[in-house]
Amino acid sequence: MRVNHFACGMQYAAIYNGWVHLASNQWKSPVLKKNDIGPQAYRDAMAHFAGHVHVVTTDGSAGRRGATVIAACSVSDTPPTILVCLDRENPKNEPFVKNGRFALNALASDQEALSVGFSGLTGLPVEERFALAEWDMISTGAPTLKGALAVFDCELIDTKDLATHRVLFGKVTGLRIGDNLRPLIYHDRGYHAL
């Protein structure tokens, strides 16, 4: 427990876990001020959030698709489960749900060009994006990147739509651990090696 003591005029106070205890033996909650957070301010703050760069892929009856993502993480190791966030307002991302499978491919620092190709900024069609690297399959049929730091091949087990994004939850059914190379990181609106 963190305790801060301070003197305020003739009053003596201590702060315990965010509550103020006055010398008069009274407890008071501090006054918190909320501010309006606009989209640009939020994006500017998130630019200071460093994230590992991935390419998420799918293939199946709804078609082949791949996209660069940073918003991905582990949910649980029992059973092994991950999540990936995708722009749900982009209709090109529908195959991830309709195919019911995806692979999360963690990129190394020398794979920046692949990240850019799958980002959508270059306007490359699907076939040209996948031609930028070598792919195979592990268990679900989703394209898996040869040379990735790690590959998590997943069956889609749930989705959650929230605001502009759709969160995909995947049960990991196939796994490949690549060489221990430096990861590709995105921070302050640019690529970096860790």
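How much accessible surface does the protein chain have, and what share of it belongs to carbon and sulfur atoms? The accessible surface comes to about 11900 Å², and carbon and sulfur atoms account for 56% of that. Keep in mind throughout that this is a predicted model.

**Whole chain**

Start with the cartoon view. The protein chain has four helices and 16 strands. Colour by burial next: of the 194 residues, 33% are buried. If contacts are drawn between residues at least 6 apart in sequence, 57% of them join residues at least 24 apart.

**The largest nonpolar core**

Select Val56, Val84, Leu86, Phe102 and Leu104. These have the most contacts inside the largest nonpolar core, which has 13 residues. Now show strands S7 (65-69), S9 (80-87), S10 (101-106) and S14 (165-177), the elements that give two or more residues to this core. S9 gives the most, with three residues.

Stay with Leu104 and display what surrounds it. Leaving aside neighbours within four places in sequence, Leu104 is in contact with His54, Val55, Val56, Val69, Ala72, Ile82, Val84, Ala150, Val151 and Phe152. Then move to Val53, Val55, Trp135 and Leu145, which are among the 11 residues of another core, lying apart from the one just visited.

**The cysteines**

Select Cys73 and Cys85. A search of the whole structure finds zero disulfides. For Cys73, the nearest cysteine sulfur is that of Cys85, 7.4 Å away. Because a disulfide is counted when two cysteine sulfur atoms lie within 2.5 Å, and these sulfurs are 7.4 Å apart, Cys73 is in no disulfide. The result holds from the other side too: Cys85 is in no disulfide, with the sulfur of Cys73 as its nearest. Cys73 is partly exposed, with a relative accessible area of 40%. Cys85 is also partly exposed, at 22%.

**The cavity**

Where is the lining of the largest cavity? Select Leu86, Asp87, Arg88, Asn90, Asn93, Glu94, Phe96, Val97, Arg166 and Leu168, which line it. S9, helix H2 (94-99) and S14 each give two or more residues to this lining. H2 gives the most, with three residues. The volume of the largest cavity is about 50 Å³, and the search of the whole structure finds one cavity of 30 Å³ or more. Leu86, met earlier in the largest nonpolar core, is one of the lining residues here.

**The largest pocket**

Switch to a surface view and select Thr68, Ile70, Ala71, His165 and Tyr186. Of the 39 residues that line the largest pocket, these lie nearest its centre. The pocket has a volume of about 1400 Å³. To see which elements frame the pocket, show helix H1 (39-46), strand S5 (51-52), S7, strand S8 (72-77), S9, H3 and strand S15 (184-187); each supplies at least two residues of the lining.

**Val116 in H3**

End on Val116, which is in helix H3 (residues 112-118). Is Val116 buried, partly exposed or exposed? Val116 is partly exposed, with a relative accessible area of 29%. Not counting residues up to four places away in sequence, Val116 touches Thr122 and Tyr191. For a last distance, pick the C-alpha atoms of Val116 and Arg129: these residues are 13 apart in sequence and 9.4 Å apart in space.

How values were computed. Residues are numbered from 1 along each chain as its sequence is written. This is a predicted model: local features need pLDDT of at least 70, side-chain atom pairs count only at pLDDT 80 or more; totals for chains, interfaces and linings use all residues. Side-chain values use heavy atoms; hydrogens and water are left out. Buried means under 20% relative accessible area, exposed over 50%, partly exposed in between (1.4 Å probe, protein chains only). Contact means heavy atoms within 4.5 Å. Accessible areas come from the Shrake-Rupley method with a 1.4 Å probe; for residues, only the protein chains shown count as cover. A nonpolar core is a set of buried Ala, Val, Leu, Ile, Met, Phe, Trp, Tyr and Cys residues joined through side-chain atoms within 4.5 Å. On a 1 Å grid over the protein atoms alone, a cavity is a set of points where a 1.4 Å probe fits but cannot get out, and a pocket is an open set with protein on both sides within 12 Å along at least five of seven lines; lining residues have an atom within 4 Å of a point. Grid points are joined across faces, edges and corners, and a volume is the space filled by probe spheres set on the points.
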